[in-house]
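Biologist: Before we talk about this protein, please put the sequence and the structure in front of us, and then let me ask how each name and label is earned.

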Amino acid sequence: MKKKFLKLGIQPLANSFLSSISKKTLAKEFFYNLEVSFNTNNYLVSISNPVNPKLQYTDKYAHRASESITMRSAFKKIANKLNKKYSPKIVMEIGSNDGVFIRNFSKKKVLAVEPCKNLANLTKMKYKTFPDFWNKRLAKKIFSKSKKADLIFSANTISHIPNLKETFDAINLSLSDDGVMVIEDPSLYSVIKNNSYDQFYDEHVYVFSAISISNVVKKSNLRLFDTEEISTHGGSMRYYICKDSAKYTNTQRVNLILKKEKTARLQKFSTYLKFSKRVQKSKKNLIKIFKSLKKNKKNIISYGATYKSSTVFNYCKIGKKFINYVTDTTLNKQGKFTPGQHIPIISPEVGMSDSVDYAFLGAWNFKKEILKKEKKFIKRGGKFITHVPLPKIISK
Ligand code: JHZ
């Protein structure tokens, strides 16, 4: 049974960066009600009313996974590690984005799946790229009895696909007998611990735990045999999955993670009700910070036009009254307006000017990288605001 525990209000699609704020464009902006539920049967946490993926993964997809040094080096590291560990002959990535992971493999090994046509166009010249949604139909088109994948990788994508049974059945069709699937997604443990409610937006249909992933893959005759806690995106988990009959024995790490999640009571509905209360408090306190800074006539901007910050701004109703503009390094976000609140997005080169007093960390998950980059801003007295784990001004 699915039980609702969090209401994040009326929200736009997090990828719907607007090219203009004319009446005509605004009239077409799509909104939905963002609520989050807990399934008491398999312990999955999901948004209650997923949006049609065809509205989300269009040829105007803005996010470029290679935009941060942190992610470029994280993908390089895991690609090399998996290559060494499994020596795969065929590697497939589901949700290959701009190719930041596959670029670490020789092109003859790689198959890429990417439904956003503008992104698929970025890799198709070099890598065999399927501009399509991942499902059984596509798996049957790519693979056959004699052709299977030894390694399937998917970062920040499986959590975006509403039909998990279809997704993992398609994985079972595609993996070789001892093939391995590796998934990375933000971890529920971190979201609960950090009060990072902004990990919920239309694209994050699920925020997984090892407990829920292990339950879900079983239904497709697959097995979670290893896990790794990783620091990307504010705390993620890497799941290693194989066929039931594959040679891998379950590692001690899986048992320890499952135990850790149970100790954190991720299998109990009461945990989510408490989280929901903390989220409401976080909203109140963040608004308080913005109001008091504005009262003192401070110039506030936001740093990183993240999908996550779309949830924060629309839930807390933080708009142009508080934030002058948002800076982002992604070229195709610059010159546009944020979803819902319609705050202009500009380049950091122009935006990080001397008039800025405070910058909200929309990309709080890259805090370390950003603080290192913005030494000049900090030196002249500029300060960052964050809401994770609690709303506060970062003084150092
Ligand atoms: P970042 C997107 O979410 C959408 P977002 C998606 N659904 C998902 O799951 C995650 O990615 C993985 C900019 N930036 O990665 C670049 C700077 O401007 O936190 C990006 O636009 N300056 C697929 O958007 C954004 O911030 C910088 O110095 O929540 C970061 O987006 C740095 C480091 C980043 O994901």
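Biologist: In this predicted model, what makes strand 2 and strand 3 a pair?

Modeller: Two strands pair if at least two bridges are found between them, and strand 2 (residues 31-39) and strand 3 (residues 45-47) have three bridges in the antiparallel sense, so by that rule they are paired. Within this pairing, F38 stands opposite V45 in strand 3.

Biologist: Why are strand 1 and strand 9 said to stand at the edges?

Modeller: The open sheet of four strands has the order 1-2-3-9, with antiparallel pairing. Strand 1 (2-12) and strand 9 (206-207) each have a single partner strand, so one side of each is left without a neighbour in the sheet. Helix 11 lies across strand 1 and strand 2, and runs at about 85° to strand 1.

Biologist: What makes the pairing of strand 12 and strand 15 count?

Modeller: The rule asks for at least two bridges, and strand 12 (residues 300-303) and strand 15 (residues 358-361) pair over four bridges in the parallel sense, so the rule is met. The bridge partner of S302 in strand 15 is F360. These strands belong to an open sheet of six strands in the order 14-13-12-15-16-17, where the pairing is mixed. Strand 14 (345-346) and strand 17 (392-394) stand at its edges, each with a single partner strand, so each has one side without a neighbour in the sheet. Helix 10 (residues 269-295) packs on this sheet, touching strand 12, strand 15, strand 16 (383-386) and strand 17, and its direction makes about 150° with that of strand 16.

Biologist: How do you know that Y201, for one, makes a polar contact with the ligand?

Modeller: A polar contact is a pair of N or O atoms within 3.5 Å. A polar side-chain atom of Y201 lies 2.9 Å from a nitrogen atom of the ligand, so this pair falls within the cut-off. The same cut-off admits T330, with a polar side-chain atom 3.2 Å from an oxygen atom of the ligand, and K333, with one 2.6 Å from an oxygen atom of the ligand. The protein covers 96% of the 720 Å² of accessible area that the ligand has on its own.

Biologist: Which elements give two or more residues to the shell around the ligand?

Modeller: They are helix 11 (307-316) and helix 13 (367-373), and helix 13 gives the largest share, three residues. By class, the shell has seven nonpolar, eleven polar and seven charged residues. Of the 25 residues around the ligand, E203, K308, D328, K333 and K373 come nearest.

Methods. Residues numbered from 1 in each chain as written. Predicted model: local features only at pLDDT ≥ 70, side-chain atom pairs only at ≥ 80, totals over all residues. Heavy atoms only, no water. Near = heavy atom within 4 Å. Polar contact = N/O pair within 3.5 Å; in protein donor to acceptor, adjacent residues only side chain to side chain. Areas by Shrake-Rupley, 256 points an atom, 1.4 Å probe, with all protein chains shown as cover. Nonpolar A, V, L, I, M, F, W, Y, C, P; charged D, E, K, R; others polar. Contact = heavy atoms within 4.5 Å. Axes fitted to C-alpha atoms, helices over the stretch in contact; angles between N-to-C directions.
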